Amino acid sequence: MEDKNTIKNKIKDYCIITLGVLLVVVGVYFFKFPNNFSIGGVTGIAIILSNLFNNSISSGTIVLVLNIILLIFAYVFIGKSFGNKTVYGSLLLSISLKLLEIIIPLEAPLTNEPMLELFFAVILPAVGAAILFNIGSSTGGTDVLAMLLKKYTNIDIGRALLITDFFLTIATFFVFDLTTGFLSILGLLFKSTLVDVVIENLNLNKYFTIICRNPKPICTFITNKLNRSATVFDAKGAFTDQDKKIILTVMSRAQAVQLRTFIKETDPEAFLLITNTSEIIGRGFRGLS
């Protein structure tokens, strides 16, 4: 039997996955599909194939079919190790896109501003994908393909997927028109950096180096009030030749504001170095795996 905390964490994870997928769905359906922005992935393939079939098969239908096929392949060749979260994200994306086609059919883009639409077509799916990647999930599609390639080939997965996205974007010039092609290339350039930027900001914490004479009040505040830990070691001032203590600690941005205020009030002579950091591995932060 799973304990209450485990169940609670699972419910929380699936709520976050739902939010992330819905952001992707809104960006893809309302901004990417109507403008034919083929920026890679299964949705990019769907846009091109739908046009090649003279729109007799909708993009949403193609996404649903492709994702189901990829999930079946993953179950057969990888097993269940690729995760229930990815299955849930993939199916939720596919079904949501198909339902939107039935409930809110779109005949044309929402606005006459392609650059504005490109912005939302890139940023909403990028933020959604970053939220999913951050908790070990995805919307399936090319991510499942990457898992299959990783297991059975020696191909550099990141490079292979980037090349695939590039060729899908280039195909836009031949399937649609120059404007759509150039906008799709611009979208691909944005997409290639935006997900990493969003993930980094989601994990952003503050790293404190505090140089002071009396570390006890500060450490007590960190451990008792902020429920964090710290490391203290000896130091000596190069200019004053006085004995000092250095406190190292990491915490969230909200906690950092509290600590900075506390130090300013209780030890105004303390010297603080505060640095942004997102790669923290250890207890209280990310696991070693």
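Is N36 buried, partly exposed or exposed? N36 is partly exposed, with a relative accessible area of 25%. The legends below describe close-up views of a predicted model, and N36 returns in the second of them.

**Figure 1. Overview of the elements of the predicted model.** The protein contains 10 helices and four strands. Read from the N terminus, the elements follow the order α-α-α-α-α-α-α-α-β-α-β-β-α-β. Of the 289 residues in the protein, 40% are buried. Among contacts with a separation of 6 or more, 72% are between residues 24 or more positions apart.

**Figure 2. The loop between α1 and α2, with N36 and F37.** N36 is a residue other than glycine, yet its phi is positive, near 60°. The relative accessible area of N36 is 25%, and N36 therefore counts as partly exposed. F37 is found in the loop between α1 and α2 as well. With a relative accessibility of 1%, F37 counts as buried, because buried means under 20%. Leaving aside residues up to four places away in sequence, F37 touches F31, K32, I47, P114, E117, L118, A121, L183 and S184. F37 and F176 are 139 residues apart along the chain, and their C-alpha atoms are separated by 9.7 Å.

**Figure 3. The loop between α9 and β2, with N227.** This loop joins α9 (216-225) and β2 (231-236). N227 is not a glycine, but its phi is positive, at about 55°. The relative accessible area of N227 is 63%, so N227 is exposed, the cut-off being over 50%.

**Figure 4. The salt bridge between D13 and K85.** The structure holds five salt bridges, and this view shows the one formed by D13 and K85. Their closest N and O atoms are 3.1 Å apart. D13 belongs to helix α1 (residues 4-35) and K85 to helix α4 (residues 84-103), so the pair, 72 residues apart, links distant parts of the chain. Both partners can be placed on the accessibility scale. D13 has a relative accessible area of 21% and is partly exposed. K85 is partly exposed too, at 23%.

**Figure 5. The salt bridge between E101 and K98 within helix α4.** The N to O distance between these two side chains is 3.5 Å. E101 and K98 are three residues apart in helix α4, which means that about one helical turn separates them. E101 counts as buried, with 16% relative accessibility, whereas K98 is partly exposed, with a relative accessible area of 26%.

**Figure 6. The salt bridge between K191 and D165.** The side chains meet with an N to O distance of 3.5 Å. K191 lies in helix α8 (residues 178-202) and D165 in helix α7 (residues 157-175), so the salt bridge ties together parts that are 26 residues apart in sequence. K191 counts as partly exposed, at 29% relative accessibility. D165 has a relative accessible area of 12% and is buried.

**Figure 7. The largest nonpolar core.** In soluble globular proteins, nonpolar side chains tend to be buried together. The largest nonpolar core of this model has 34 residues, and V21, F33 and L97 are those with the most contacts inside it. At least two residues of this core come from each of α1, α2, α3 (59-77), α4, α5 (114-134) and α8. The helix that gives the most to this core is α1, with nine residues. L97 touches V25, V28, Y29, F33, G60 and V63, residues up to four places away in sequence not being counted. A second core, separate from this one, has 15 residues, including C212, C219, I222 and L226.

**Figure 8. The second largest pocket.** Rolling a probe the size of a water molecule over the atoms shows where empty space is left. The volume of the second largest pocket is about 420 Å³. Its lining has 17 residues, and F33, P34, N55, S59 and L106 lie nearest the centre of the pocket. Helices α1 and α2 (41-52) each supply at least two residues of the lining. Sorted by class, the lining has nine nonpolar, six polar and two charged residues. F33 thus appears in two views, because F33 is among the residues with the most contacts inside the largest nonpolar core and among those nearest the centre of this pocket.

Key
Residues are numbered from 1 along each chain as its sequence is written. This is a predicted model: local features need pLDDT of at least 70, side-chain atom pairs count only at pLDDT 80 or more; totals for chains, interfaces and linings use all residues. Side-chain values use heavy atoms; hydrogens and water are left out. A salt bridge is a side-chain nitrogen of Lys or Arg within 4 Å of a carboxyl oxygen of Asp or Glu. Buried means under 20% relative accessible area, exposed over 50%, partly exposed in between (1.4 Å probe, protein chains only). On a 1 Å grid over the protein atoms alone, a cavity is a set of points where a 1.4 Å probe fits but cannot get out, and a pocket is an open set with protein on both sides within 12 Å along at least five of seven lines; lining residues have an atom within 4 Å of a point. Grid points are joined across faces, edges and corners, and a volume is the space filled by probe spheres set on the points. Ala, Val, Leu, Ile, Met, Phe, Trp, Tyr, Cys and Pro count as nonpolar, Asp, Glu, Lys and Arg as charged, and the others, Gly among them, as polar. A nonpolar core is a set of buried Ala, Val, Leu, Ile, Met, Phe, Trp, Tyr and Cys residues joined through side-chain atoms within 4.5 Å. Contact means heavy atoms within 4.5 Å.
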